[in-house]
Amino acid sequence: TYNGSWKVDRNENYEKFMEQMGINMVKRKLAAHDNLKITLEQTGDKFIVKEVSAFRTLDIEFTLGVNFEYSLADGTELSGSWVMEGDMLKGTFSRKDNGKVLITTRKIVDGELVQTYNYEGVDAKRIFKRG
Ligand code: MYR
């Protein structure tokens, strides 16, 4: 189960990914150390995600397979949805400003929550521990 609180422990290639997203260097440096904590609460196909970081606190609600809107901390707006593929969550979102697609997945691996990101050929990971 994904339920519970997860604190980011480490990143892989996240700065390159943010660069591909067009985030400037100052913001990338800050975002690499955002102390992101997410709390996931799944009930059937509905999820509530509480996101807390150095930048903001917000609650997101979505239903698997149903489109919703989400804004990144820099204001970039995305629209898309999460689906379950086996025991992995897969999110397909497109940017409203340029139509380009961001793919993200969440999976539990050895007790850690591994979130992958792909945008325009660049892959990254953020790995979270319970806490
Ligand atoms: C959630 O489930 O946490 C809410 C929906 C997440 C949508 C996609 C998140 C992509 C975040 C990319 C960070 C990019 C920083 C440049």
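Which residues does Glu12 touch, not counting those up to four places away in sequence? Keep that in mind while you open the model, which is a predicted one.

**Stop 1: Glu12**

Select Glu12, which lies in strand E1, residues 4-12. Now show its surroundings. Leaving aside residues up to four places away in sequence, Glu12 touches Ala124, Lys125 and Ile127. Next, pick the C-alpha atoms of Glu12 and Asp123: they are separated by 8.6 Å, although the two residues are 111 residues apart along the chain. Is Glu12 buried, exposed or partly exposed? Its relative accessible area is 38%, and a residue counts as buried under 20% and as exposed over 50%, so Glu12 is partly exposed.

**Stop 2: Ile127**

Move to Ile127, one of the residues that Glu12 touches. Ile127 lies in strand E10. Its relative accessible area is 3%, which is under the 20% limit, so Ile127 is buried. Not counting residues up to four places away in sequence, Ile127 touches Lys7, Val8, Asp9, Arg10, Glu12, Glu112, Leu113 and Val114. For a distance check, select Lys107: from C-alpha to C-alpha, Ile127 and Lys107 are 9.8 Å apart in space, and they are 20 residues apart in sequence.

**Stop 3: the whole sheet**

Zoom out and switch to a cartoon view. Ten strands form an open sheet, and the pairing is antiparallel. Follow the strands in the order E4-E3-E2-E1-E10-E9-E8-E7-E6-E5. At the edges are strand E4 (57-63) and strand E5 (68-71), each of which pairs on one side only. From one strand to the next, the twist averages 30°.

**Stop 4: strands E8, E9 and E10**

Select residues 112-119, which make up strand E9. How many of the eight residues of E9 are buried? Six of them are, and the strand is mostly covered.

Add strand E8, residues 101-109, which pairs with E9 in the antiparallel sense over eight bridges. Here Ile103 stands opposite Asn118 in E9. Two residues separate the strands in the hairpin of E8 and E9, where Asp110 takes a positive phi near 50°.

Then add strand E10, residues 122-130. E9 and E10 run antiparallel and are joined by seven bridges. Tyr117 stands opposite Ala124 in E10. The hairpin of E9 and E10 also has two residues between the strands, and in it Glu120 takes a positive phi near 50°.

**Stop 5: strands E5 and E6**

Go to the edge strand E5 and show strand E6, residues 77-85, beside it. Four bridges join E5 to E6, and the two run antiparallel. Select Tyr70, which stands opposite Leu78 in E6.

**Stop 6: Glu51**

From Tyr70, step to Glu51: the side chains of these two residues make a polar contact of 2.5 Å. Glu51 is found in strand E3, residues 46-52. What is the relative accessible area of Glu51? The value is 8%, under the 20% limit, so Glu51 is buried. Its side chain makes another polar contact, at 3.1 Å, with the side chain of Arg56. With residues up to four places away in sequence left out, Glu51 touches Leu36, Lys37, Ile38, Arg56, Thr57, Leu58, Ile60 and Tyr70.

**Stop 7: Ser53**

Ser53 has its place in the loop between E3 and E4. Ser53 is buried because its relative accessible area, 14%, is under 20%. Show the side chain of Ser53: one of its polar atoms lies 3.0 Å from the backbone nitrogen of Phe55. Apart from residues up to four places away in sequence, Ser53 touches Asp34, Asn35 and Leu36.

**Stop 8: the core and the ligand**

Select Phe17 and Phe62. The largest nonpolar core has 31 residues, and these two touch the most other members. Phe62 touches Asp45, Lys46, Phe47, Val49, Phe68 and Trp82, again without residues up to four places away in sequence.

Phe62 also leads to the ligand. How many residues surround the ligand? There are 14, and the closest are Tyr14, Phe62, Trp82, Phe93 and Arg106. Show the side chain of Trp82, where an N or O atom is 3.0 Å from an oxygen atom of the ligand. Finish with Arg106: one of its polar side-chain atoms lies 2.7 Å from an oxygen atom of the ligand.

How values were computed. Residues numbered from 1 in each chain as written. Predicted model: local features only at pLDDT ≥ 70, side-chain atom pairs only at ≥ 80, totals over all residues. Heavy atoms only, no water. Core = buried A, V, L, I, M, F, W, Y, C linked by side-chain atoms within 4.5 Å. Buried < 20%, exposed > 50% of the residue type's maximum accessible area, 1.4 Å probe, protein only. Contact = heavy atoms within 4.5 Å. Pairing = 2+ DSSP bridges. Axes fitted to C-alpha atoms, helices over the stretch in contact; angles between N-to-C directions. Near = heavy atom within 4 Å. Polar contact = N/O pair within 3.5 Å; in protein donor to acceptor, adjacent residues only side chain to side chain.
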